[in-house]
Amino acid sequence: MAKTGDRSRAVPGSPLDALPFALDRTSPVPLYYQLAQQLESAIEHGALAPGNLLGNEIDLSARLGLSRPTVRQAIQSLVDKGLLVRRRGVGTQVVHSQVKRPLELSSLYDDLETAGQGPTTHVLRNERVPAAADVAAALGVAEGSEVIVLERLRATHGQPVAFLCNYLPPDLLDLGTQRLESTGLYRLLRAAGITLHSARQTIGARSATAEEAALLAEKAGAALLTMQRTAYDDTGRPAEYGTHVYRASRYAFDFQLLVRV
């Protein structure tokens, strides 16, 4: 007989053992969806870590007291999101959680660190270059004048998440490569006494170029989220201009909309 709040537990020794799945069999919400949501929550909060094995569908069905098609559908929905992967002869394995970033003036490094994602940075470029027209317009400098360009690859759990390109006025602060690989750009700005006050930001989407795909461990043509941002300090001076691309399979912007009446 179906019971509300039916709780199923995995066998001892499994990473699922500590997770009390609450499956409401009287709910109109399909069981596969309930299971998928609870697995996704466990991945996002670190209860299921990258590399954890969940076993095959037959084992999971027995552990959770669900039919094999129900478990298969739940797993497939998370495979489609890039959170799980099926490995022949091994079973189902956790890959990573999707990064959900609040849509506000914040640093990707700080947001990832706060979420327990263990961010790392590899600096690909750190040099002074003549400002192109779009960069000059964003920073309020003359076209062709010298600016600092930074290109960085940001990763979590050893997997690339974003390719970041930032331009800064040359006299803003000294940005050594070692410092950039140990922390975030906005944290360095704050440490130098630069207070970011506001920003203009545009979010979009497009397909990855071959170069971007190689950097981000995606296929050429994979979906990418894009962001362009000009950040201003508390005097109104442009402090940095960034053009970033993010793996859509691993990254999402999260924001709240208010109804204006």
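Start by selecting helix H2, residues 57-64, where Glu57, Leu60, Ser61, Arg63 and Leu64 are buried (under 20% relative accessible area, with exposed meaning over 50% and partly exposed in between, for a 1.4 Å probe and protein chains only). Look down the axis of H2: the buried residues fall within an arc of 165 degrees, so they line one face of the helix (the arc is taken from the directions from the helix axis to the C-beta atoms). Helices here are DSSP runs of H or I with at least four residues, strands are runs of E with at least two, and both are numbered from the N terminus.

Before moving on, note that this is a predicted model, in which local features need pLDDT of at least 70 and side-chain atom pairs count only at pLDDT 80 or more, while totals for chains, interfaces and linings use all residues. Residues are numbered from 1 along each chain as its sequence is written, and side-chain values use heavy atoms, leaving out hydrogens and water.

Now turn to the other side of H2, where Ile58 and Ala62 are exposed. Step just past H2 to Gly65, which has a positive phi of about 70 degrees.

Next, the aromatic rings. The whole structure holds 2 aromatic pairs (Phe, Tyr or Trp rings, the six-membered one for Trp, with centres within 6.5 Å; planes under 30 degrees apart are stacked, over 60 edge-to-face, the rest tilted).

Select Tyr32 and Tyr33: their ring centres are 6.4 Å apart and their planes at 80 degrees, so this pair is edge-to-face. Tyr32 is partly exposed at 24% relative accessibility, and Tyr33 is partly exposed at 40%.

Finish with Tyr167 and Tyr241, whose centres lie 6.2 Å apart with planes at 25 degrees, so the pair is stacked. This pair links distant parts of the chain, 74 residues apart: Tyr167 sits in strand E9 (residues 159-168) and Tyr241 in strand E12 (residues 238-247). Tyr167 is buried at 17%, and Tyr241 is buried at 7%.
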